[in-house]
Amino acid sequence: MGKCLNKPRKFRPNILTARECRNIVHEATINPSSSAWQLVEKMEKTSQKSVSLATVKRVLNQADLHGRVPKGKPFITELNRRKEARIRLNLLNIPIESWHMYYLVMKAK
């Protein structure tokens with residue numbers, strides 16, 4: 001006859017539930033500029049659990065979110081917009097034959 005015993009677990013139990021992991025990934029995708037520390041603080045407020053930074057990073061890495069630095073946008077001033085508009089207006093006056101030369105010069109920059 002078989003014995004009804006509690007077998008020891010092979011691994012440690014997870015600190016976060018699947019829903020909490022999804023919430024971390026959701027918060028990171030909504031606000032890509034948020035750091036892992038900010039996500040840790042937010043998780044501690046919402047779930048009242050102490051979560052380590054490594055745990056949050058591990059959850060993000062499993063979701064293929066590596067590095068919490070967002071893509072930077074170029075700073076375009078009003079003066080640079082006007083310069084770009086003048087360049088485009090001047091391009092309208094260039095004959096079609098010289099477009100190839102203009103393209104090579106712009107590509108070299």
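Does Gln-48 count as buried or exposed, and at what relative accessibility? The figures below answer this in the view of Gln-48 and show further parts of the predicted model.

**Figure 1. Overview of the predicted model, a protein with 5 helices and 0 strands.** From the N terminus on, the order of the elements is α-α-α-α-α. The protein has 109 residues, of which 17% count as buried. Its exposed surface comes to about 10000 Å², and carbon and sulfur atoms supply 58% of that area. Among contacts in the protein with a separation of 6 or more, 50% join residues that are 24 or more positions apart.

**Figure 2. Close-up of Gln-48 in the loop between helix 2 and helix 3.** Gln-48 counts as exposed, because its relative accessibility is 67% and the cut-off for exposed is over 50%. The phi angle of Gln-48 is near 55°, a positive value in a residue other than glycine. Most residues other than glycine have a negative phi.

**Figure 3. Close-up of Asp-64 in the loop between helix 3 and helix 4 (78-92).** Asp-64 also has a positive phi, near 60°, and is a residue other than glycine. With a relative accessibility of 61%, Asp-64 counts as exposed.

**Figure 4. Packing of helix 1 (residues 18-30) against helix 2 (residues 36-47).** Two packed helices are described by the angle between their axes and the distance between the axes. For helix 1 and helix 2, the angle is about 135° and the axes are 11 Å apart. Helix 1 is therefore oblique to helix 2. The crossing of these two helices is right-handed. On the side of helix 1, the contact is made by Glu-20, Ile-24, Glu-27 and Ala-28, and on the side of helix 2 by Leu-39, Lys-42, Met-43 and Ser-47. Sorted by class, the contact of helix 1 with helix 2 contains 4 nonpolar, 1 polar and 3 charged residues.

**Figure 5. Close-up of Glu-20 in helix 1.** Glu-20 counts as buried because its relative accessible area is 12%, where the cut-off for buried is under 20%. Apart from neighbours within four places in sequence, Glu-20 is in contact with Ile-15, Met-43, Ser-47 and Lys-49. Two of these partners, Met-43 and Ser-47, belong to the residues of helix 2 that make the contact with helix 1. Along the chain, Glu-20 and Met-43 are 23 residues apart, and their C-alpha atoms are 8.1 Å apart in space.

**Figure 6. Packing of helix 2 against helix 3 (residues 53-62).** Helix 2 and helix 3 pack at an angle of about 105°, and 9 Å separates their axes. Helix 2 is therefore roughly perpendicular to helix 3. Helix 2 brings Ala-36, Trp-37, Leu-39 and Val-40 to this contact, where they meet Leu-53, Val-56, Lys-57 and Leu-60 in helix 3. The residues of the contact of helix 2 with helix 3 comprise 7 nonpolar, no polar and 1 charged.

**Figure 7. Close-up of Ala-54 in helix 3.** Ala-54 is partly exposed, with a relative accessible area of 45%. Ala-36 lies 18 residues from Ala-54 along the chain, and 9.0 Å separates the two C-alpha atoms. Ala-36 is one of the residues in helix 2 that meet helix 3.

**Figure 8. Packing of helix 1 against helix 3.** Helix 1 and helix 3 have their axes 10 Å apart and pack at an angle of about 75°. These two helices are therefore roughly perpendicular to each other. Helix 1 makes the contact through Cys-21, Ile-24, Val-25 and Ala-28, and helix 3 through Val-56, Val-59 and Leu-60. By class, the contact of helix 1 with helix 3 has 7 nonpolar residues, with no polar and no charged residues. Ile-24 and Ala-28 of helix 1 also take part in the contact with helix 2. Val-56 and Leu-60 of helix 3 likewise meet residues in helix 2.

How values were computed
Residues are numbered from 1 along each chain as its sequence is written. This is a predicted model: local features need pLDDT of at least 70, side-chain atom pairs count only at pLDDT 80 or more; totals for chains, interfaces and linings use all residues. Side-chain values use heavy atoms; hydrogens and water are left out. Axes are lines fitted to C-alpha atoms, for helices over the stretch in contact, and angles run from 0 to 180 degrees between N-to-C directions. Helices (H or I, at least four residues) and strands (E, at least two) are DSSP runs, numbered from the N terminus. Angles under 35 degrees count as roughly parallel, over 145 as roughly antiparallel, 65 to 115 as roughly perpendicular and the rest as oblique. A crossing is left-handed if the near helix is turned anticlockwise from the far one by less than a right angle, and right-handed if clockwise. Contact means heavy atoms within 4.5 Å. Ala, Val, Leu, Ile, Met, Phe, Trp, Tyr, Cys and Pro count as nonpolar, Asp, Glu, Lys and Arg as charged, and the others, Gly among them, as polar. Buried means under 20% relative accessible area, exposed over 50%, partly exposed in between (1.4 Å probe, protein chains only). Accessible areas come from the Shrake-Rupley method with a 1.4 Å probe; for residues, only the protein chains shown count as cover.
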